[in-house]
Amino acid sequence: MATALEELRELEARALAELAACTDEGALRAWHGRYLGDKGQLKAALAKLGTLAKEEKPAYGAEANRVKGSLSAAYESAWEAVRERALTAELEQPGIDVTLPGRTWRRGRLHPATTILRRICRIFAEMGFQVYRSREVETEAYNFDYLNMPAHHPARDMWDTFFTTTPGVLLRTHTSPGQIHVMRAAGGRPIRAILPGMCYRNEAISPRSEIQFYQIEGLVVGEGVTFADLKGTITSFARRLFGPQRQVRIRGSYFPFTEPSIEVDIDWPADDPNRERLTKGTGWLEIMGAGMVHPKVLEAGGYDPRRVTGFAFGMGPQRMLMLLHAIDDIRLFWQNDLRFLQQF
Ligand code: FA5
């Protein structure tokens, strides 16, 4: 009996002596682990209670509890002392140097792709166009079928598509499916709308083509809308954006959802050494496809092609920014290199 109690008191004396030598937080934590922790010596001493004779238990238990209280209290005050010392040391440090320069904040700015989108939208707004937001995730029906491209139509090959795991749902390859949404929302009334947004194509990336890029769709529907209106709208838009010195070229093309169809090019700056490479030797960069809305598309949108006609276009705003600033690689837009972005 005497030995068990003595052992307890020796443990207490040893623990207090070691605690007095702890001068920092790390030493204190280690001490706590050694004596008061779950695998500490006091726990082991308490466990001994079970092995003692019945009459020895009360005195041993009471003494063990006293030692536990004494060590816990000593541990608390040792923490106090360490904190006190740290605070005093901090206060004795030389004062804050208010003459040190502060941390500067970098001023953010709009991404050049956003800026050009807004500029283009403003030009069309002045011509009476409304902005309509359409979705980036589409059904096959809107991206292809309603645009006069039924399943297995060879024209679908023009757009290599990212399909989702849900059958019939894909990332839109162009903003043209928005034409159907606008027409259905307008419910037979005349339309003059532009639809800016992101498109996705599984394309070979090149200085002119990305797998993710902006387009701006335009749609005008009403009685007596003609090809001359399309040509006039596009050329006056190009003049507004590029200025009178740049040339606009309109050439015949094919899209299943317009008839007739055209493509529009702008001349690449003549003095730029990248002209040959980026225009494949032609001197022109294509900025949009366009045409008169196909009767089947008008019908899919709920309009009677015997009563109304319309024109549509789909343009690439990033290509236009390339033309405006002689940017030699479209991939620069999404690389997040501040050396590029900060120039705008
Ligand atoms: C189309 O996407 C048609 N939907 C355009 C259209 C709309 C025609 C309405 C008729 C009526 P196209 O694939 O040519 O067409 O793309 C149109 C424009 O988007 C191109 O002129 C180009 O400026 C831009 N573009 C196309 N693919 C990419 C790409 N991978 N990266 C960057 N810009 C692109």
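**Ligand shell and pockets**

Modeller: The largest pocket has 32 lining residues, and those nearest its centre are Arg201, Phe213, Gln215, Glu286 and Gly314. This is a predicted model, where local features need pLDDT of at least 70 and side-chain atom pairs count only at pLDDT 80 or more, while totals for chains, interfaces and linings use all residues. Residues are numbered from 1 along each chain as its sequence is written, and side-chain values use heavy atoms, with hydrogens and water left out.

Colleague: What makes a set of points a pocket, and a residue part of its lining?

Modeller: On a 1 Å grid over the protein atoms alone, a pocket is an open set with protein on both sides within 12 Å along at least five of seven lines; a cavity is a set where a 1.4 Å probe fits but cannot get out. Lining residues have an atom within 4 Å of a point, so Arg201 counts as one of them. The space in the largest pocket is about 570 Å³, a volume being what probe spheres fill when set on points joined across faces, edges and corners.

Colleague: Where does the ligand sit?

Modeller: In the largest pocket. The term requires that more than half of the molecule's atoms lie within 2 Å of the grid points, so the ligand meets that condition here.

Colleague: Which residues around the ligand are the closest?

Modeller: His174, Arg201, Glu203, Glu210 and Glu286, out of 27 that surround the ligand. A residue is near when one of its heavy atoms lies within 4 Å.

Colleague: Why is the pair with His174 called a polar contact?

Modeller: A nitrogen atom of the ligand is 2.8 Å from an N or O atom in the His174 side chain. The cut-off for a pair of N or O atoms is within 3.5 Å, so the pair qualifies. Backbone atoms also take part: an N or O of Ile287 lies 3.2 Å from a ligand oxygen, and a polar atom of Gly316 is 3.4 Å from an oxygen of the ligand. Of the 670 Å² of accessible area that the ligand has on its own, the protein covers 95%, by the Shrake-Rupley method with a 1.4 Å probe.

Colleague: Which strand gives the most to the shell around the ligand?

Modeller: Strand 8, with 5 residues. Strand 8 (284-293) is among the strands supplying at least two shell residues, with strand 5 (212-222), strand 7 (258-267) and strand 9 (309-315). Strands are DSSP runs of E, at least two residues; helices are runs of H or I, at least four, all numbered from the N terminus. Strand 8 also leads in the lining of the largest pocket, again with 5 residues.

Colleague: How do the shell residues divide?

Modeller: Into 10 nonpolar, 9 polar and 8 charged. Ala, Val, Leu, Ile, Met, Phe, Trp, Tyr, Cys and Pro count as nonpolar, Asp, Glu, Lys and Arg as charged, and the others, Gly among them, as polar.

Colleague: What is the volume of the second largest pocket?

Modeller: About 160 Å³. Its lining divides into 8 nonpolar, 1 polar and 1 charged, and includes Gln130, Tyr132 and Arg192. Arg is on the charged list, so Arg192 counts there.

Definitions and conventions: Polar contact = N/O pair within 3.5 Å; in protein donor to acceptor, adjacent residues only side chain to side chain.
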